Structure formats: structure tokens, C-alpha cells
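Trainee: Could you take me through this model, feature by feature, and show me how each one is read?

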Amino acid sequence: MDYTFTFLGLDIPIIPVAWMLAKIVVVFAGVMGLSAVLTWAERKGAALIQDRIGPNRAKFIGNFRLFGIFHLAGDGLKLIFKEDLVPGHVSRWLFWIAPLLAFIPAMMGFAIVPFGQSFEWRDFTFHLSVIDPENGMGMLYPLAIAALAVYGIFTASWASNNKFSMLSGMRGAAHMVSYEIGLSLAVIAVFMQAGHYDPHRIIEAQTGLWNVFAQPVGFLVFLVCAFAETNRLPFDFAEGESEIVAGFLTEFSGMKLGFLWLSEYIHLVTISALMATLYFGGWKIPFMPDPVGLLSNWLGPWIGPWLGVLLSIAAFAAKLLAFCWFFIWVRWTLPRFRYDQLMFIGWKVMLPIGFANLLFYAWLIHRAAA
Amino acid sequence: MSVVVKKVDLTWLDRTYLWPIAKGLTITLKHFLKQVFKPTPKRLTVQYPEMKRPVLDGYRGLHELKRNEDNSIKCVACFMCAEACPARCITIEAEEIGDINTQQGLLEKRPASFQIDALRCIFCGMCQEACPKDAIWLRKNYELSCRSRFEMQLDKYDLMNTYAGDDGRERVEHIERAAPKPERQPLSNQLG
């Protein structure tokens with residue numbers, strides 16, 4: 001069947017367009033919501049790790065507290081209604097767009113990630129990633145977008161016209177650029193093993209054996225570089241509140257600060273999703289390579305596929321949340337590195353290991369082919 | 001004397017960073033799990049308005065003017081407390097008692113007004129030490145919030161009722177007062 005409607009002289013197929021719009025709304029709302037919940041999870045996790053209690057006061061309708069999750073709403077409302085202070089010495093135009101420059105690339109990265117198994121319905125194949133597979137960008141896209149995150153931090157610090165902010169921007173830019181190389185080297189080994197850089201193909205290639213077991217060293221390099229890329233402890237040099245006030249955040253207030261914070265957590269969600277996709281089999285469930293097909297055989301063609309899709313989404317969400325929690329857990333365990341240690345680890349440890357990993361798998365593949 | 005700091009030789013396992021990081025992660029995870037499954041009353045943090053720590057003996061909180069069994073005031077307006085007070089927060093006006101108080105023998109004086117400026121009070125307990133009749137006590141109420149400075153100017157009847165609820169005694173109202181209650185003045189006026 002072919003439902004179309006004509007708009008401005010174009011024949012627009014309804015089902016794919018509606019599906020695309022639904023995906024965009026669900027994914028963006030989901031990522032924003034999750035990153036907002038992560039701010040709460042961070043506060044609560046920090047508190048519990050440090051033997052405190054954490055946020056538990058905000059009430060919603062009577063005495064309903066739910067472990068303080070309504071502090072989210074309180075924080076958000078506070079940030080929105082706070083005075084939006086723009087200091088006199090800042091570069092106004094850059095100061096206004098800096099939060100957006102941080103926020104938009106952070107939101108864009110997630111678009112390529114498949115968050116569930118593709119399924120077929122009425123001659124259409126529905127892919128559960130905002131950008132459909134075989135688009136020619138594949139996993140290069142989130143890496144390229146992640147590289148743009150530097151501009152958010154650097155613009156924010158430059159616009160602030162403040163010595164501490166400036167230091168933070170310099171540090172942040174330097175370490176993010178240097179760790180990007182290690183990150184990319186680790187990912188290239190994954191591409192080689194999958195034979196493609198499309199996320200759907202990478203996930204298919206991990207059937208039976210997740211890349212984390214096939215390439216443990218590459219995973220470690222990716223993990224360490226991911227911490228640097230997201231500006232999380234032990235590499236949070238851009239913020240560095242004990243050394244340079246709050247770094248690039250110093251002059252920001254109100255919702256601008258909210259956007260900068262939120263973009264940090266969205267980065268965290270995106271990089272967790274990438275980690276799940278590249279190394280933990282994406283939506284794959286262990287010992288269940290094709291949940292949609294399997295459940296269709298079990299439960300018939302009516303409920304089976306939907307349950308299978310939901311199951312694959314749940315598996316992906318579980319992996320995603322586990323990584324998000326891991327980021328929070330590490331943040332409250334490790335202190336910050338010294339700056340020279342950071343550079344040492346980036347250039348003299350992660351880069352050589354990444355190269356060695358790449359060459360090793362290249363050699364393995366070459367030998368298998370020969 | 002100089003202290004020789006021993007240099008710890010790191011093993012190759014420690015120098016990978018990864019093993020020590022894993023050890024650190026288990027420590028924080030242990031703390032996390034312990035705290036998650038600990039019921040709130042057993043946690044170190046006291047959830048204040050709902051839970052309170054027991055107040056220690058000898059704590060000096062808000063004052064109470066003690067009463068006799070017939071609810072008349074114990075204070076004989078001897079001014080010892082006002083003299084002892086280092087913060088000068090007690091202001092007493094004495095009056096003669098017309099009728100004979102049989103409970104406490106023959107008393108001639110009592111305070112017509114007894115004001116404590118609780119904002120000025122430093123809760124040192126000197127008034128309690130000085131009192132020959134044991135008529136003023138500093139007890140355990142430490143929740144002294146109010147909406148205006150004026151509410152912290154406590155007069156005789158406020159002070160006799162401060163712990164009426166806690167002790168289960170009835171409140172003493174302004175019945176036994178001969179003169180109408182004087183308007184409360186800010187302390188600066190009283191010091192003149």
C-alpha cells in the first residue's frame with residue numbers, strides 16, 4: 001500500500017515521514033530526558049558513594065518524594081527563572097551562541113545510533129535509528145560531531161573574557177583534540193573487523209562475540225578517551241573547579257548555564273550509546289541473535305515482532321544506562337590528573353596502544369585473508 | 001629531626017593504573033551498596049525536621065519562668081538575674097503583692113513585668129545560676145525561629161508558658177495581672 005499526500009507539488013509518502021518524525025521526537029526527547037535524569041543520578045550517586053543521603057526534599061503532590069527525583073524539576077525551574085546575567089566585559093554575540101554551540105552537536109551525535117532491531121511492517125522496513133543505515137556516513141558521523149564539541153567549550157571560554165575561563169578553554173581544547181586521536185584509532189580497529197562503518201553492520205558483525213571480548217585493548221583505549229572526550233573526571237580539565245573556579249562555566253548563569261550543563265550530560269549519553277554500539281553489541285541480547293524473528297516464531301506474527309523490538313530496545317537501554325552509571329561511578333572514585341599526566345597518557349600511552357591495537361588487528365585480518 | 005619518606009616502589013600492576021582504579025571502584029561500590037540498603041534512621045545524616053538528636057543534659061535552651069503549684073509565679077523580683085546577665089537582656093519591674101501566698105510563705109514582691117530579649121540573650125545560664133528561688137530555668141528548646149524581631153521580646157506570661165505544652169501543664173493567661181499589659185517597647189527605648 002502506498003499512502004502519499006501532495007504538499008507544495010511534492011508527493012510525500014506518509015508512513016516513512018511520520019515514522020521519521022516520531023523517531024526524531026522520541027530520540028531527542030528521550031536523550032534530553034535521560035540527561036536531565038542523569039543530573040539527579042549524579043547527585044544521588046555521589047551522595048550514596050560518600051555515605052550521604054543526597055537530594056530527597058522536593059515534594060510533588062502531597063508527600064510524594066520518590067528519592068528526590070523532583071529536584072530535577074526544581075533545578076530546571078530555577079535555572080529558567082533565574083536572572084540571565086551577562087557581564088559587561090564579555091563578547092556578547094559569542095556569549096549568546098556558546099551554549100548552543102555546545103548543545104547542538106551534543107544532541108546531533110545520537111542520531112546515528114540504532115537503539116533497537118529493525119522490523120518490517122506492510123512492505124516497509126522500519127529502522128530504529130534516526131538516520132537510516134547505508135547513508136555513507138556511518139560511525140564517522142558521531143566522531144565528527146563529537147569533534148565539534150570543542151567549539152562549544154572554546155567559544156564559551158573565549159566569549160567570557162576571563163582569565164580562568166581562558167585557561168579552561170585552552171586546556172579543554174588541547175586535551176579533547178589529543179584524545180580524539182586515540183578514540184579514532186580504537187574505532188578504526190572495530191571498523192576493520194566489521195568490514196564496514198555503518199552501525200547496523202557493526203552490530204550485526206558482533207553476533208556471537210561482542211567486540212569488548214574480541215578487542216579488549218581497543219575497548220580500554222576507547223573508554224579512557226571517552227572520559228576525556230566527555231570532559232568527565234578524571235579528565236575534567238575544562239571545568240577544574242578546584243583550580244580555575246568553574247572554567248568555561250564561570251561567567252554563565254541561568255538557562256545558558258543549564259544548556260552547558262545539559263550538553264555535558266548529553267555527551268555522556270551519546271558516548272555511552274557509542275560504546276554500547278561499538279563494543280557491546282548495541283541492541284543485541286546475549287544468546288538471542290534475532291529477538292524479532294525468534295519471538296515471531298514463538299508468539300505468532302501479531303505480538304511477536306513488537307515484543308522482540310521492545311526487548312531489543314530494552315537491551316540497548318540497559319547497556320546505555322549501565323555505561324552512564326559507570327561514568328558517574330568513576331567520577332566519584334578518581335581524583336583529577338595533573339595536566340602533564342593527562343598529556344602523557346594521551347600522547348605517550350593511548351596513542352601508541354591505539355596504533356599497536358590497530359596494527360595487530362590489521363595483521364590478524366591480513367593473515368586470515370591470506 | 002628529619003623524617004625520611006619511604007618511597008614506595010610500584011609494581012608493574014600498580015603502574016598500569018587500571019588495577020588500582022579497579023580497587024578504588026570496588027571501594028566506592030561497597031560504600032554505595034551499603035548506603036543504599038541502610039534504612040534512613042541508621043544513616044549518619046539526621047533527617048532534621050522528622051528526626052532529632054536527643055538534646056544533651058546541661059543544654060541551655062529557651063528560658064522558662066517556673067510557677068508554684070497554684071500557677072503563681074515563683075519569681076520574687078529580686079533582680080539577681082538581671083544583675084548577673086552579661087548581655088543585659090532581662091528587664092524586671094517589681095510590684096507588691098496584696099494578698100498572702102500561703103504556698104511559699106509570706107512573699108512581698110513579684111515581678112509586674114519580666115521581659116527577656118531573646119535576640120540579645122546569649123544563653124549563658126548565668127540567670128539560672130544567680131536565682132535564689134530556682135525560678136528561671138534554661139531548658140532544651142532550641143527551635144527559636146519567628147517571623148519578626150518583636151516576637152522574640154518575651155514577657156512574663158510568654159516565659160511562664162514556654163514549656164507548658166511539653167510538661168502537660170495548662171497555660172497561664174493574663175488573668176492575675178492587675179494592670180493592663182504594657183505595650184512592648186523595643187529594647188533601645190527601654191535602655192533609654
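Trainee: How are α4(A) and α5(A) oriented to each other, roughly parallel or roughly antiparallel?

Mentor: This is a predicted model, and the orientation is read from the angle between the helix axes, where values over 145 degrees count as roughly antiparallel. Helix α4 (residues 140–160) and helix α5 (residues 163–194) of chain A pack at about 175°, with their axes 8 Å apart, and α4(A) and α5(A) are therefore roughly antiparallel. From α4(A) the contact draws on residues including A:Leu143, A:Ala147, A:Val150, A:Ile153, A:Phe154 and A:Trp158, while the residues from α5(A) include A:Met166, A:Gly169, A:Gly172, A:Ala173, A:Met176 and A:Val187. By class, the residues of this contact divide into 12 nonpolar, seven polar and one charged.

Trainee: What is notable about the phi of A:Asn161, and where does this residue lie?

Mentor: Most residues other than glycine have a negative phi. A:Asn161 has a positive phi of about 55° although it is not a glycine, and its place is in the loop between α4 and α5 of chain A. With 16 other C-beta atoms within 10 Å, A:Asn161 is partly exposed.

Trainee: Where in chain B does B:Phe123 lie, and what is its phi?

Mentor: B:Phe123 is found in the loop between β3 (109–117) and α4 (126–130) of chain B, and its phi is near 55°, again a positive value in a residue other than glycine. B:Phe123 is partly exposed, since 16 other C-beta atoms lie within 10 Å.

Trainee: In what order do the three strands of the open sheet in chain B run, and which of them are the edge strands?

Mentor: Strands of a sheet pair through backbone hydrogen bonds, either parallel or antiparallel. In chain B the order is β2-β3-β5, with antiparallel pairing, and the edge strands are β2 and β5, each of which pairs on one side only. Strand β2 (residues 90–96) and β3(B) are joined over seven bridges, one of which can be located through B:Ile90, whose partner in β3(B) is B:Ile116. Between β3(B) and strand β5 (residues 153–154) there are two bridges, and here B:Asp117 has B:Gln153 of β5(B) as its bridge partner.

Trainee: How many helices and strands does chain B have, and in what pattern do they follow along the sequence?

Mentor: Chain B has seven helices and five strands, which read along the sequence as α-α-β-α-β-β-α-β-β-α-α-α. Of its 192 residues, 15% count as buried. Among contacts in chain B between residues at least 6 apart in sequence, 69% join residues at least 24 apart.

Trainee: How many residues does the largest nonpolar core have, and which helix gives the largest share of this core?

Mentor: In soluble globular proteins, nonpolar side chains tend to be buried together. The largest nonpolar core here has 81 residues, and those with the most contacts inside it are A:Ala102, A:Phe222, A:Cys225, A:Val269 and A:Met275. Helix α9 (residues 254–279) of chain A supplies the largest share of this core, 15 residues. A second, separate core of 18 residues includes B:Cys89, B:Ile90, B:Ile116 and B:Leu154. As for A:Val269, beyond its neighbours up to four places away in sequence, it touches A:Val31, A:Leu34, A:Ser35, A:Phe110 and A:Cys324.

Trainee: Is A:Cys324 buried or exposed?

Mentor: A residue is buried if 20 or more other C-beta atoms lie within 10 Å of its own; A:Cys324 has 22 and is therefore buried. A:Cys324 is located in helix α10 (residues 291–331) of chain A, and, leaving aside its neighbours within four places in sequence, it is in contact with A:Leu38, A:Leu268, A:Val269 and A:Ser272.

Trainee: How many residues of chain B are in contact with chain A?

Mentor: On the side of chain B there are 11 residues, in contact with nine residues of chain A. The chain B side comprises five nonpolar, five polar and one charged residues.

Terms used. Residues are numbered from 1 along each chain as its sequence is written. Chains are lettered from A and ligands numbered from 1 in the order in which they are written. This is a predicted model: local features need pLDDT of at least 70, side-chain atom pairs count only at pLDDT 80 or more; totals for chains, interfaces and linings use all residues. Two residues are in contact if their C-beta atoms, placed from the backbone, lie within 7 Å. Ala, Val, Leu, Ile, Met, Phe, Trp, Tyr, Cys and Pro count as nonpolar, Asp, Glu, Lys and Arg as charged, and the others, Gly among them, as polar. Axes are lines fitted to C-alpha atoms, for helices over the stretch in contact, and angles run from 0 to 180 degrees between N-to-C directions. Helices (H or I, at least four residues) and strands (E, at least two) are DSSP runs, numbered from the N terminus. Angles under 35 degrees count as roughly parallel, over 145 as roughly antiparallel, 65 to 115 as roughly perpendicular and the rest as oblique. A residue is buried if 20 or more other C-beta atoms lie within 10 Å of its own, exposed if 12 or fewer, and partly exposed in between; C-beta atoms are placed from the backbone. Two strands pair if DSSP finds at least two bridges between them. A nonpolar core is a set of buried Ala, Val, Leu, Ile, Met, Phe, Trp, Tyr and Cys residues joined through C-beta atoms within 7 Å.
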